[in-house]
Amino acid sequence: EQSIYYSALANLYENTGQVEDCITAYQKSYQLDNDNYEAVFRLAVLTLNRGELKRAAQYLKIALRLKSNKGEVYKYFGVLLRKQKQFDKSKEAFLKAKLLNKYVREIYYQLGLIDLELNNVSGAIENFERELKDSPSHLLTVTKLASLYLDNKQDEKATILIRRALKTHKNDGELHRLLGQFHLSKAEFEKENNGLYIALEDYDEAIKSFKQSIRLNPERTDVLELLVKAYSGAKRFAVAIPFFNKLIQISPERWEYYPDLARGYLANQEYDKAIDILGKYLEVNKSDAKVWFQLGKIYADKGDFIDGIEIFKKAILIEPNDPKKKLFLGMLQAEVNRFDAALKTLRKAIKQAPENSIVVRRCEDLIKQIIEVSGYKENQVEQNLGKDITKNIRKNKRKKIAKYHPGSLKYSKGRIIAAFRLFKKLHSEGWSKKHRKHMAKYVKYRLIKNYRQLIKFKKFKSKGVRRYYYVAIRRLIDLVRGKITYEPKVVTKRD
């Protein structure tokens with residue numbers, strides 16, 4: 001009776017998570033009754049879960065001596081042998097357990113873990129799938145299998161499995177992490193192939209899932225890292241500030257987070273905080289031209305043009321062949337009326353930049369503004385720029401013609417028709433990854449940006465025109481993403 005009492009007490013301790021007291025109670029129960037199978041079996045399981053493999057082996061041998069036909073004992077012998085890397089003997093124990101009792105669970109799950117140890121991914125997937133047929137709601141199997149699906153680009157299988165499991169296990173942080181990982185992977189693919197705007201929907205879903213996972217498991221630093229990766233990918237640095245700060249607080253040497261944290265501060269116009277965080281970064285990473293350039297732009301945005309000029313010069317000293325840095329230096333030099341220096345800097349930028357590139361066009365526009373503001377005569381301009389560049393500046397006069405009033409129906413239709421013509425043209429050329437990216441950029445910069453500007457300045461002539469423009473843009477986005485199948489019309493000639 002005392003043995004039964006201690007077994008009941010141990011069971012109570014186990015249910016309340018008091019493992020040490022539980023083991024002590026089971027030991028007392030076994031000492032009082034050496035034939036108490038339940039006590040010795042539970043001792044085996046508890047010590048095995050704590051990693052005390054020698055003690056677990058002793059208890060399992062005693063349990064097997066008391067009941068030699070118990071499948072569950074062989075199952076835990078298999079777990080013990082797996083942890084000892086004796087994989088062949090472990091498999092034999094698991095198969096023996098299944099033979100003795102076909103209802104013993106986790107056998108195929110354990111075999112899948114062995115396959116993973118042996119780098120047999122296909123074998124692991126097969127065993128995990130078999131386990132789910134026996135135990136559809138076994139959470140450990142679901143998470144392992146979903147993770148393997150994601151790693152092996154079987155995204156559809158992964159998301160079906162995860163969403164189904166979440167109906168039963170809503171508060172499992174690992175499932176939310178895996179769902180977030182699925183959406184993050186999808187977003188990164190969309191961003192690379194079709195541009196950021198197309199990928200934002202999946203970035204939002206990834207952020208939502210990672211935040212839910214962190215709410216359930218606040219100590220999961222790995223999920224926090226995935227969350228800031230999603231925020232950075234979506235270029236939502238400002239809302240990610242507290243998460244960047246938390247990661248830096250945990251690991252101050254994680255320098256890769258400092259520039260993105262500075263971007264967040266800059267988005268909030270907290271210039272001093274942005275400068276301070278980049279200053280800490282550059283104390284250690286002195287030769288990072290990209291971050292020096294980023295710091296220079298912050299000074300420029302703040303209005304500290306003299307400091308910005310000096311910072312840009314440091315960036316150019318480290319990376320002298322980047323024309324974009326020279327363009328920005330020239331802009332600041334012009335801001336403080338150092339026109340000669342600005343023209344010479346822009347001359348170097350034009351010489352380094354590819355012909356007809358954006359950098360060249362922006363340099364030319366800036367030079368025209370400098371000439372207009374400074375009142376320089378042609379010989380002064382030529383002295384700073386050289387004959388060839390001066391000649392090109394004089395020759396290149398780009399004209400902008402607006403056929404219709406912005407916000408009118410004709411204006412909106414014209415832009416949409418031009419976009420659909422480009423889409424059809426790209427589709428007829430094969431619709432490759434390059435074509436999709438080109439079309440996504442066109443939609444983002446020519447249509448979406450224009451649509452937002454029209455709303456901002458209240459240019460739409462009516463709600464109907466605005467609705468037409470919006471629906472047409474959404475249709476183009478769906479075509480680019482492949483949500484709508486494009487079937488070109490085949491025109492047949494009549495006899």
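Me: Leaving aside neighbours within four places in sequence, which residues is Lys75 in contact with?

Reply: In this predicted model, Lys75 is in contact with Phe94, Ala97, Val104, Arg105, Glu106 and Ile107 once those neighbours are set aside, contact meaning heavy atoms within 4.5 Å. The model is predicted, with local features needing pLDDT of at least 70 and side-chain atom pairs counting only at pLDDT 80 or more, while totals for chains, interfaces and linings use all residues. Residues are numbered from 1 along each chain as its sequence is written, and side-chain values use heavy atoms, with hydrogens and water left out.

Me: Why is Lys75 called buried?

Reply: Lys75, which lies in helix 5 (residues 71-83), has a relative accessible area of 9%, and buried means under 20% (exposed is over 50%, partly exposed in between, with a 1.4 Å probe and protein chains only); Lys75 is therefore buried.

Me: How do you know whether Leu175 is buried or exposed?

Reply: The relative accessible area of Leu175 is 0%, so this residue of helix 11 (residues 173-194) is buried. Not counting residues up to four places away in sequence, Leu175 touches Leu139, Val142, Thr143, Ile162, Ala165, Leu166 and His169. Of these, Ile162 is 13 residues apart from Leu175 in sequence and 6.3 Å apart in space, C-alpha to C-alpha.

Me: What makes the span of helix 13 close to the expected one?

Reply: Helix 13 (residues 221-233), a DSSP run like the other helices (H or I, at least four residues, numbered from the N terminus), has 13 residues and reaches 18 Å from its first C-alpha to its last. The expected span is 1.5 Å times one less than the number of residues, and for helix 13 that expectation is 18 Å, to which its reach is close.

Me: What covers the buried residues of helix 13?

Reply: The cover includes helix 11, helix 12 (196-216), helix 14 and helix 15, and the buried residues include Val223, Leu224, Leu227 and Tyr231.

Me: Why is helix 14 called roughly antiparallel to helix 15?

Reply: The axes of helix 14 (residues 241-250) and helix 15 (residues 258-267) come within 9 Å and cross at roughly 150 degrees, the axes being lines fitted to C-alpha atoms over the stretch in contact, with angles from 0 to 180 degrees between N-to-C directions. Angles over 145 degrees count as roughly antiparallel (under 35 roughly parallel, 65 to 115 roughly perpendicular, the rest oblique), so helix 14 is roughly antiparallel to helix 15.

Technical notes: Helix = DSSP H or I, 4+ residues; strand = E, 2+ residues; numbered from the N terminus.
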